[in-house]
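Please look through the sequence and the structure shown below before reading on. The report that follows takes up side-chain pairs, one chosen residue, the nonpolar core and the chain as a whole.

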Amino acid sequence: MSAGEQVSWTEALEQLPFNSDGLLPAIAQQYDSGEVLMMAWMNREALAETLSKGRVCYWSRSRQKLWRKGESSGQVQILQALLLDCDGDTILLKVDQTGPACHTGRRSCFYNLVTTDSIQVLNNPIINPDELYGG
């Protein structure tokens, strides 16, 4: 397709290559800074809710249920844009993240710098995880 052409979301959704569990990987990125915050999974229901409500919802593989980002921690993601990659097999969510995105209390889940001989932690939590989750 060329720039400006459109296809209905319903039609596009039917063509997305969900994995055998009915999921696609979703990368959350802070919309204004470009900071990559986290990666999670979305199914059709999570996609529909995210688009309809504007608050990001994922599928929790460990809990086997919808996970509305921030429902326990209060650290929500408000959708600014949802994009698909060229193959439609990865979602990019441009979001406005409240506080930390990572369950460790860090702004981003990507804080471990890997080199040829070590892994270096780049930053400390901005909020203690016990405060986030009431532990």
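In this predicted model, the side chains of Glu 14 and Arg 44 come together in a salt bridge, with a distance of 3.4 Å from N to O. Glu 14 belongs to helix 1 (residues 9–15) and Arg 44 to helix 2 (residues 44–53), so this pair ties together parts of the chain that are 30 residues apart in sequence. Arg 44 has a relative accessible area of 35% and is therefore partly exposed, since that class lies between 20% and 50%.

How many salt bridges does the count come to? The count is 3, and the table sets the pairs side by side with their N to O distances.

| Pair | Distance, N to O |
|---|---|
| Glu 14 and Arg 44 | 3.4 Å |
| Arg 107 and Glu 35 | 3.3 Å |
| Glu 49 and Arg 68 | 2.8 Å |

The salt bridge between Arg 107 and Glu 35 links distant parts of the chain, for Arg 107 sits in the loop between strand 6 (91–97) and strand 7 (112–114), while Glu 35 sits in the loop between strand 1 and strand 2 (36–42), 72 residues apart. Arg 107 is partly exposed at a relative accessible area of 23%, and Glu 35 likewise counts as partly exposed, with a relative accessibility of 29%.

In the salt bridge formed by Glu 49 and Arg 68, the closest N and O atoms are 2.8 Å apart. Glu 49 lies in helix 2 and Arg 68 in strand 4 (residues 65–68), so the pair joins parts that are 19 residues apart in sequence. Is Glu 49 buried or exposed? Its relative accessible area is 13%, which means that Glu 49 is buried, the limit for that class being under 20%. Arg 68, with a relative accessible area of 30%, is partly exposed.

Another buried polar residue can be followed in the same way, namely Gln 29, whose relative accessible area is 15%. Gln 29 is placed in strand 1 (residues 24–30), and, leaving aside residues up to four places away in sequence, Gln 29 touches Gly 34, Glu 35, Val 36, Leu 37, Leu 92, Leu 93, Lys 94 and Val 95. Among these neighbours is Glu 35, which takes part in the salt bridge with Arg 107.

Leu 93, also touched by Gln 29, leads on to the nonpolar interior. The largest nonpolar core has 25 residues, and those with the most contacts inside it are Met 38, Met 42, Leu 47, Tyr 58, Ile 91 and Leu 93. Which elements give two or more residues to this core? They are strand 1, strand 2, helix 2, strand 3 (57–60), strand 4 and strand 6, and the largest share, 5 residues, comes from strand 2.

Turning to the whole chain, the protein has 3 helices and 8 strands, which run from the N terminus in the order α-β-β-α-β-β-β-β-β-β-α. The C-alpha trace spans about 45 × 35 × 30 Å along its principal axes, and of the 135 residues, 36% count as buried. Among contacts with a separation of 6 or more, 41% are made by residues 24 or more positions apart.

The accessible surface comes to about 8100 Å², and carbon and sulfur atoms hold 49% of this area. The chain carries 11 positive and 16 negative side chains, and the centres of these two sets lie 8 Å apart.

Terms used: Residues numbered from 1 in each chain as written. Predicted model: local features only at pLDDT ≥ 70, side-chain atom pairs only at ≥ 80, totals over all residues. Heavy atoms only, no water. Helix = DSSP H or I, 4+ residues; strand = E, 2+ residues; numbered from the N terminus. Buried < 20%, exposed > 50% of the residue type's maximum accessible area, 1.4 Å probe, protein only. Contact = heavy atoms within 4.5 Å. Salt bridge = Lys/Arg side-chain N within 4 Å of Asp/Glu carboxyl O. Core = buried A, V, L, I, M, F, W, Y, C linked by side-chain atoms within 4.5 Å. Areas by Shrake-Rupley, 256 points an atom, 1.4 Å probe, with all protein chains shown as cover. Lys, Arg positive; Asp, Glu negative; His and termini not counted. Charge placed at Lys NZ, Arg CZ, Asp CG, Glu CD.
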